[in-house]
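Hi,

Here is the structure I promised to pass on. Have a look at it first, and my notes follow below.

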Amino acid sequence: MIRDDFRVLVVDLTSGRGTVESLEGRSVHVGGSGLAAALFERHGQMDNPWNDPGQPIIFAIGPLTGYFPLMSKTVCAFKSPYHDQYAESHAGGRSALALRFADLDALVVTGRADRPVCLSIGSRHLEVKDVHYLWGKDVGTTGKLLRRMFGGAGHRSILRIGLAGERGSAMAGINVDTYRHFGRLGGGAAMGVKNLKGIVIQGDGTFALPEEKQYAKLFQKVHQQLTDTEMMHKYHNLGTAENVAVLNKLKALPIRNLQQTTDPEIDGITGEKFAERTLLRNTACAGCPVGCIHVGFVREKFMEPNQYFYRQVAYDYEPIFATGAMLGVTDPFAVLDIMDTVEQTGLDVMSAGVALAWATEALNRGIIKQEDSLVPLKFGDAKTYTGAVRHLAAGTNDFYRLLSQGTATAAAHYGGREFACVLGQEMAGYATGEAFFVSQALGFRHSHLDSAGYSYDQKFEAVDLDEAIEFLVKDEQERVFLTSMVACLFARGVYNKELLAECLHSVGYDTLAETIPEVSKGLQARRWQIRLATGYDPASVEIPGRFSDVSTWKGPINPETLDRLRQHYAKRIIELGRKE
Amino acid sequence: MKILTTPRMERCIGCHACSLACARLVHKRLSWDTAGIRILSSGGLSTGFEAKPCLACNPAPCAAVCPTGAYSQRKGGGVVVKKSLCIRCGACDAACPVDAIYLDPTGEPFVCIHCGRCIPFCPHDCLEMATVPGTSDSKQESKEAAS
C-alpha cells in the first residue's frame with residue numbers, strides 16, 4: 001500500500017491485544033532499517049536490559065516491498081542478548097511479502113505472554129494462541145504443527161524458534177519458512193524471553209496498483225535485468241557456495257579456527273562439489289525469481305538391510321564455512337548433517353560453528369577439559385560436532401551455557417581470548433585482510449554485509465587509512481538505504497541509486513526518490529545514535545590476536561595497520577552517531 | 001484454442017512471479033490472491049510447490065451453476081467472466097472441483113482467463129500454453145506438420 005505514513009501493528013503479549021499505530025515520516029525513516037530504528041526509539045528502552053518484557057521485537061519492510069522483484073527481505077530489530085545493545089538481523093523467505101499483504105509496514109511485539117504462545121496476524125485478524133505444547137519442540141516439528149494449526153498455505157510466513165531461543169541463548173536465531181533465518185545476534189532469544197514460540201503472518205490483503213503509468217513498464221525492465229543478466233548468474237547457479245573454492249584459492253578462507261586460510265582438503269566441500277553430490281533443487285524467497293536457496297540432502301541408514309530416511313538441508317557459503325571449513329569437516333554430507341542439527345535446535349549457524357572451532361582448539365590446548373566439552377571435539381570429526389551442537393543449544397553444562405552466550409564470554413572465563421575468532425560476534429567467512437576484520441568487528445550488525453570490507457581488501461594491495469575509512473562509511477551509507485527498501489543485497493549491483501529513484505517515482509514516492517543521498521546519511525546517523533545510546537563503545541572493541549597471525553594472498557596481516565584502522569573507524573563511528 | 005497448462009511444476013522454486021504478474025497485469029491489483037494462478041507449497045517448502053490454475057473444464061461446472069450468466073463457457077475449455085453481471089453469490093467457487101477460483105472478501109471471483117501473460121515471468125519454464133485438440137489452432141498445427 002502506497003502511503004506517506006507507516007501502518008504498524010503493535011501487539012502486547014502481556015495483555016494479548018494489539019493496536020494499529022500510524023507513524024509519520026516516510027521521507028525520513030523510509031522503511032526497513034530506518035523504520036525499525038524509529039520504532040525502537042518509540043517503543044524501546046535504551047537503558048533497560050534486553051530481557052525486560054517491555055523491550056520490543058520489530059519486523060519492518062520497505063516502500064518497494066512487493067512492488068518490485070528482490071524487494072523481498074525483512075529487517076528484524078531488537079535489543080540483543082549478545083551485547084545488550086540495539087541490533088538488526090535480516091531475513092527473506094515469505095516474511096516480507098506476507099507483511100506487505102497483511103497491510104503492515106511493520107509489526108512490533110512487546111510484553112511477555114504468561115505461557116508459550118503463537119501470534120497469528122493477517123490483514124483481517126489478530127490472535128494470540130496458547131501453544132504451550134510446542135515448547136521444547138525442534139524447529140522442524142514446530143513448523144509442521146504450525147502449518148497444520150493455521151490456514152493460508154502458500155501465502156503466509158511462519159517464523160519460529162527452537163530450543164536455543166527458548167533458553168535465551170545469545171546465539172539463537174529465528175527460523176523463517178524452513179530455509180531462511182534472522183540468524184545473528186540472538187533474535188531467537190528476544191522471542192523466547194517473551195514466551196513467543198512462533199509468528200504466523202497471513203498475506204491476505206489486496207491493493208490497487210500504483211496509478212503512475214510507468215510502473216508496469218519499469219517492473220518489466222527490472223525483472224528482465226534481474227533475470228537476464230550475468231549479474232545474478234552466480235546466485236542462481238552454484239549460489240554463494242561458489243565462494244568456498246574462490247576464497248580457498250585466495251588464501252582467505254578461515255579453516256580450523258582460522259589456523260589456516262587455505263587447504264587442498266577444502267576441495268571436498270566446494271560449491272561445485274555440493275552441487276554435484278548433494279543438490280536436490282533450488283528454491284526462492286517470495287517475490288524473487290532468482291532462486292538462490294540451494295537445498296541439499298542427507299540420507300541416513302537407520303536399519304539393515306536397506307532402510308533409509310532423508311532430510312533436506314539448505315546450504316550457502318556461510319554455513320559451509322562455519323560447519324565445514326572452520327571445523328575441518330570436508331565431506332559435504334557430514335557438513336549438511338551438522339547444519340541440520342544447528343537448524344533444528346534453532347542456533348545461528350555461523351556463531352555455532354565458529355564457537356565450536358574455538359572450543360576444539362581450547363580443548364587441544366588444555367584450556368578446557370573433556371568434562372567441559374562432554375564430547376572429544378576434534379577437527380574433522382563430524383559426529384562429535386553434531387553432539388556438541390545439541391549441548392550448545394541445550395546449555396547442558398556451565399561450559400556450554402557460557403559458550404552459548406558468545407565465544408568471547410566463554411574465553412573471558414576459561415582463557416583463550418587470543419584465538420577466539422570474534423569480530424563483534426563470531427566471524428563471518430572472510431579472512432581477506434585488515435579492512436574486513438575492522439569492518440565486521442566495529443560494524444553496525446557485526447556482519448560481513450554492513451559494508452564491503454572484504455571487497456576493499458581484494459581491490460587494493462595496501463590499506464590507505466583515510467581511503468579505507470571513507471570506503472567503509474560510504475558503502476555502509478548506500479547499504480543502509482538498500483536495507484531500508486528492504487532489498488536483497490544480492491541485487492545491489494542492479495538497484496543502484498538511479499534505478500531506486502526511478503522505482504520510487506513510479507509508485508509515487510517522489511520526495512524520497514529525489515533525496516536519496518541526504519536521506520541515506522540521516523538513516524546511517526540515526527542507527528548509530530541508537531546503537532551508541534544503548535551502550536556501544538566502538539573504541540573499546542578488541543580484535544583478537546589470531547587475526548594478526550593470518551596470512552592471505554597478500555602475505556601476513558600487518559598488526560599495526562589493523563590497529564590503526566580499528567582506532568580510526570571507531571572514531572569515525574562515534575562522529576557518525578553524534579547528535580547535532 | 002490454447003489453454004494455460006503447468007506441465008513442469010517440479011521445476012518451480014516458489015518465487016510467485018507468475019501469480020504476482022497475473023494479479024498485476026490481468027486483474028490490476030497487487031496481491032497474492034487475486035490471481036488466476038496461485039502457488040502453494042505441497043505440505044511445507046520441503047515438499048516442493050503446486051500451482052492452482054483453472055484446468056479448462058469443458059463443460060465448465062462453474063459456468064453451469066452461474067445463475068446470472070456472468071460465467072460462460074470458453075471455446076476449448078475454461079470460462080469467460082463478465083464481472084458486471086456477477087452478483088457475488090460464490091456458486092462458481094463452490095462448483096469448482098480443484099479450488100481454482102478465489103473469492104475476495106467482497107465475494108468477487110478471480111479465475112484464470114488462459115491469456116498466458118504469466119508465462120514470461122516464470123524463470124524455470126514451468127508453464128506453457130497448450131493447444132486444445134480438435135480446436136481451430138490444433139487443426140492449423142496438423143496442417144503445418146503435414147506440409
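Between chain B and chain A, zero salt bridges are found across the interface (a side-chain nitrogen of Lys or Arg within 4 Å of a carboxyl oxygen of Asp or Glu). Eight residue pairs, both at pLDDT 80 or more, are in polar contact there (N or O atoms within 3.5 Å, one able to donate a hydrogen and the other to accept it; residues adjacent in sequence count only if both atoms are side-chain atoms).

Please note that this is a predicted model, where local features need pLDDT of at least 70 and side-chain atom pairs 80 or more, while totals for chains, interfaces and linings use all residues. Residues are numbered from 1 along each chain as written, chains are lettered from A and ligands numbered from 1 in written order, and side-chain values use heavy atoms, without hydrogens or water.

Back to the interface: 31 residues of chain B touch 39 residues of chain A (heavy atoms within 4.5 Å). About 2,700 Å² is buried between the two chains, 62% of it from carbon and sulfur atoms (accessible area lost on being put together, 1.4 Å probe, summed over both). On the chain B side, Leu30(B), Trp32(B) and Leu45(B) lose the most area, together 31% of what that side buries.

Elsewhere, Met303(A) lies in strand 15 (residues 293-303) of chain A (strands are DSSP runs of E, at least two residues, numbered from the N terminus). Met303(A) counts as partly exposed because its relative accessibility is 48% (buried is under 20%, exposed over 50%, protein chains only, 1.4 Å probe).

Best wishes

How values were computed: Helix = DSSP H or I, 4+ residues; strand = E, 2+ residues; numbered from the N terminus.
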